[in-house]
Amino acid sequence: MTPSDPVPQQARTELERLARRWQQLPLDRALARVADVRELAQRYARAAGEQRALPALGPATVLDQLTVAAYDLAVADPGAADRLAVDLATLRRRIG
């Protein structure tokens with residue numbers, strides 16, 4: 001975590017790993033897992049205070065949505081930042 005980035009370094013590293021993995025997935029596998037990524041992004045957005053549902057924009061943008069939602073959660077609830085790395089690593093493993 002830097003002064004301008006409320007996301008802990010371990011979580012930032014997991015986001016980067018997840019992004020690299022996501023970019024390497026064949027489209028059919030990404031389409032099969034997009035709901036998992038969107039679900040976590042939505043959970044983070046709600047925990048950060050967002051009442052509206054995130055738009056379903058597909059596999060090309062879902063990781064950006066997750067990154068923004070993780071940032072928003074870290075800002076809204078610094079105590080929740082500790083679970084970010086665990087959640088993101090779990091998601092990365094699930095994606096394969």
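## A walk through an all-helical chain

Leaving aside neighbours within four places in sequence, Leu-40 is in contact with Leu-66, Asp-87, Leu-88 and Leu-91. These contacts are read from a predicted model, and they offer a convenient point of entry. Leu-40 belongs to helix α2, which covers residues 27-47. With a relative accessible area of 4%, Leu-40 is buried, because buried means under 20% relative accessible area. The C-alpha atoms of Leu-40 and Gln-65 lie 9.7 Å apart in space, although 25 residues separate the two in sequence.

Glu-39 also has its place in helix α2. Is this residue, Glu-39, buried or exposed? Its relative accessible area is 52%, so Glu-39 is exposed. The cut-off for that class is over 50%. Glu-39 and Leu-54 are 15 residues apart along the chain, and 9.4 Å separates their C-alpha atoms.

From these two residues the view can widen to the whole chain. The chain contains 4 helices and 0 strands, and its pattern along the sequence reads α-α-α-α. For 96 residues, a compact globule would be expected to have a radius of gyration near 12 Å; the chain has 13 Å and therefore agrees with that expectation. The C-alpha trace spans about 35 × 30 × 20 Å along its principal axes. Of the 96 residues, 40% count as buried. Among contacts with a separation of 6 or more, 73% are accounted for by residues 24 or more positions apart. The accessible surface of the chain amounts to about 5500 Å², and carbon and sulfur atoms contribute 53% of it.

One example of residues distant in sequence involves helix α1, where Thr-13 lies. The C-alpha atoms of Thr-13 and Leu-88 are 9.5 Å apart, while the two residues are 75 positions apart in sequence. Leu-88 has already appeared as one of the contacts of Leu-40. Thr-13 itself counts as partly exposed, at 24% relative accessibility.

The charged side chains come next. The chain carries 14 positive and 12 negative side chains, and the centres of the two sets are 5 Å apart. How many salt bridges does a search of the whole structure find? The search finds 8.

One of the pairs is formed by Asp-5 and Arg-12, whose side chains meet in a salt bridge with an N to O distance of 2.9 Å. Both partners are buried. Arg-12 lies in helix α1, and its relative accessibility of 18% is the reason why Arg-12 counts as buried. Not counting residues up to four places away in sequence, Arg-12 touches Asp-5, Val-7, Thr-67 and Tyr-71. The salt-bridge partner Asp-5 is thus listed together with three other residues around Arg-12.

A second pair joins Glu-14 to Arg-17, again with 2.9 Å from N to O. Both residues belong to helix α1, which covers residues 9-24, and because they are 3 residues apart, about one helical turn separates them. The partners fall into separate accessibility classes: Glu-14 is buried, with a relative accessible area of 7%, whereas Arg-17 counts as partly exposed at 37%.

Helix α4, residues 81-95, holds another pair, Arg-83 and Asp-87. Their closest N and O atoms are 3.8 Å apart. This distance qualifies as a salt bridge because the cut-off is within 4 Å. Why are Arg-83 and Asp-87 separated by about one helical turn? The two residues are 4 positions apart in helix α4, which accounts for the spacing. Here Arg-83 counts as partly exposed, at 35% relative accessibility, while Asp-87 counts as buried, at 17%. Salt bridges that share partners also join Glu-14, Arg-17 and Arg-92 into one network.

Asp-87 brings the account back to its beginning. This residue pairs with Arg-83 in a salt bridge, and it is also among the contacts of Leu-40. Leu-40 lies in helix α2, and Asp-87 lies in helix α4.

Notes:
Residues are numbered from 1 along each chain as its sequence is written. This is a predicted model: local features need pLDDT of at least 70, side-chain atom pairs count only at pLDDT 80 or more; totals for chains, interfaces and linings use all residues. Side-chain values use heavy atoms; hydrogens and water are left out. The radius of gyration is taken over C-alpha atoms; the globule rule is 2.2 Å times the number of residues to the power 0.38. Buried means under 20% relative accessible area, exposed over 50%, partly exposed in between (1.4 Å probe, protein chains only). Contact means heavy atoms within 4.5 Å. Accessible areas come from the Shrake-Rupley method with a 1.4 Å probe; for residues, only the protein chains shown count as cover. Lys and Arg count as positive and Asp and Glu as negative; His and the chain ends are not counted. The place of a charge is taken as NZ of Lys, CZ of Arg, CG of Asp or CD of Glu.
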